[in-house]
Structure formats: structure tokens, C-alpha cells
Amino acid sequence: MNILALPGISPKTEKWATNLLNELTGPDRTMTVQRYKHWDCEDPGQCLELEGEVRRLAGAPVDLLVAKSLGVIIGLQAGARKLIVPGRAVLIGTPVSSFVEKDLDLRQLTADLAIPILFIQQKNDIVGSADKLRAAVDGLPMVELVEIPGDNHQYKDLKLLARHIKKFM
């Protein structure tokens, strides 16, 4: 099983993603954390080229996509365009407000994947509460949403996340 993790916008989330994948280790699992090009820039927030990051995923072998925040945006776009073809996806800390700001249709991108998707969202996440996310994806087939406590978009309880992901796998 090829597991691809797409971290958030900050270089700090590379370590977060690596630690989360370490909670999912098992036989016959290949795990990769995507490293974004804008992380090598002096001001990573100013160097992000979203379309380039989406295209860089083309052809990557993915059975399970695990994405957080910016990674959700990148992963949904790459999957909807069939640049990657995951069998399942776990989307953590979906930045609902960023989809609106970037004029991206979260509901349509999710539906276009047509695979089982687990959203894990903090109840009061600062970039999109669980209720806002639920409203965006309500009624879509093969979509499950798990609401966890929190309001800071940090998702630090990796063991809790791993339990939900393992149950979903």
C-alpha cells in the first residue's frame, strides 16, 4: 500500500506528517511525505505556486492519500484531474475558508474523486468548523466526517488521528 501525505503550508508540517505516518506503519506499506518547493524560499507563504504543486503529483502511486490543510486543496485538485488516483483519502483540517477565497468548489472536487473519503475536522477549526465542512459535503456518497475537539488547526493528537485513519483503512 502506497500512502502519500500532503502536509500543510508551513515547513513545520513536514515533521507533523512524518510523525503521523509513523503511527500508521505496517507491513507492505510505502510511505511518502510530499516536500513542497515553496519551503525552500525565504518566505514560504509568498512563494507558493499552487498549480505547480498540483501538477508535481502527476503519476504518483497512491493507494491512500492523507492530506492536511493546504494538502487537502492540492490533493483534491490533483485527484479531480486524475493526476493521482488514490483508492481512499483522509483529509484533515480542511481549510473551508481557503476554498471560498480561491473560488474552488470543495463539494464538486470531493464528488469528483468518487472514492471513500474520511474528513477529520476540529469542531471549531479557525479555517473552517466541522459544521461548515459538513454543510459543504453533506449527502455526498462515500464521505464520512469525524468531528474532534479543537479550534487551533494544529491537530497535534496524532494517536487520535491514527485511530480514526486505521479504522477507515
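Residues are taken as buried when their relative accessible area is under 20%. By this criterion, helix α4 of the predicted model is mostly covered, with 10 of its 11 residues buried. The buried positions of α4 are Leu 70, Gly 71, Val 72, Ile 73, Ile 74, Gly 75, Leu 76, Gln 77, Ala 78 and Gly 79. The cover over these residues includes the strands β1 (2-6), β3 and β4, together with the helices α3 (50-56), α5 and α6. Just after α4, Lys 82 adopts a positive phi of about 65 degrees.

Helix α4 also figures in the nonpolar interior. The largest nonpolar core comprises 31 residues, and the residues with the most contacts inside it are Leu 6, Ile 74, Leu 76 and Leu 91. Helix α4 (residues 70-80) supplies the largest share of this core, 6 residues. Apart from this core lies another, of 22 residues, which includes Leu 21, Ile 92, Leu 158 and Ala 162. When neighbours within four places in sequence are left aside, the contacts of Leu 91 are Ala 67, Val 72, Leu 76, Ile 117, Leu 118, Phe 119 and Ile 120.

Leu 158 and Ala 162, named above as members of the 22-residue core, are also among the buried residues of helix α8 (residues 158-168). The full set of buried residues in α8 is Leu 158, Leu 160, Leu 161, Ala 162, His 164, Ile 165 and Phe 168. Among the elements that cover them are helix α1 and the strands β3 (64-68), β4 (88-92), β5 (117-122) and β6 (143-148). The ring of Phe 168 has the charged end of Arg 88 over it, at 4.7 Å from the ring centre.

A charged group is likewise placed over the ring of Trp 16, where the charged end of Lys 68 sits 5.9 Å from the centre. Lys 68 is also one of the residues nearest the centre of the largest pocket, together with Gly 8, Ile 9, Ser 10 and Thr 13. The lining of this pocket consists of 19 residues, and the space within the pocket is about 380 Å³. Two or more lining residues come from each of α1 (12-22) and α4. The largest share, 5 residues, is contributed by α1.

Ser 69 is located in the loop between β3 and α4. With a relative accessibility of 13%, Ser 69 falls under the 20% limit and therefore counts as buried. Outside its neighbours within four places in sequence, Ser 69 is in contact with Gly 8, Ile 92, Gly 93, Pro 95 and His 153. Gly 8 is also among the residues nearest the centre of the largest pocket, and Ile 92 belongs to the 22-residue core. The C-alpha atoms of Ser 69 and Val 96 are separated by 9.0 Å, the two residues being 27 residues apart along the chain.

Aromatic pairing was also examined. A pair of aromatic rings is described by the distance of the centres and the angle of the planes. The count comes to 1 aromatic pair. This pair is formed by Tyr 36 and Trp 39, with 5.0 Å from centre to centre and 65 degrees between the planes, and is edge-to-face. Tyr 36 and Trp 39 are both buried.

Positive phi values occur at two exposed loop positions. Asp 103 lies in the loop between α5 (96-101) and α6 (106-113), and its phi is near 55 degrees, a positive value in a residue other than glycine. The relative accessibility of Asp 103 is 73%, which is over 50%, so this residue counts as exposed. Ala 114, in the loop between α6 and β5, is not a glycine either, yet has a positive phi of about 55 degrees. Ala 114 is exposed because its relative accessible area, 53%, is over the 50% limit.

Glu 101 is placed in helix α5. At 65% relative accessibility, Glu 101 also counts as exposed. Its C-alpha atom is separated by 15 Å from that of Leu 48, the two residues being 53 residues apart along the chain.

How values were computed: Residues numbered from 1 in each chain as written. Predicted model: local features only at pLDDT ≥ 70, side-chain atom pairs only at ≥ 80, totals over all residues. Heavy atoms only, no water. Core = buried A, V, L, I, M, F, W, Y, C linked by side-chain atoms within 4.5 Å. Buried < 20%, exposed > 50% of the residue type's maximum accessible area, 1.4 Å probe, protein only. Helix = DSSP H or I, 4+ residues; strand = E, 2+ residues; numbered from the N terminus. Contact = heavy atoms within 4.5 Å. Phe/Tyr/Trp six-rings, centres within 6.5 Å; stacked < 30°, edge-to-face > 60°. Lys NZ or Arg CZ within 6 Å of the ring centre and 35° of its normal. 1 Å grid on protein atoms, 1.4 Å probe; cavity = no way out; pocket = protein on both sides within 12 Å on 5 of 7 lines; lining within 4 Å. Points joined across faces, edges and corners; volume = space filled by probe spheres on them.
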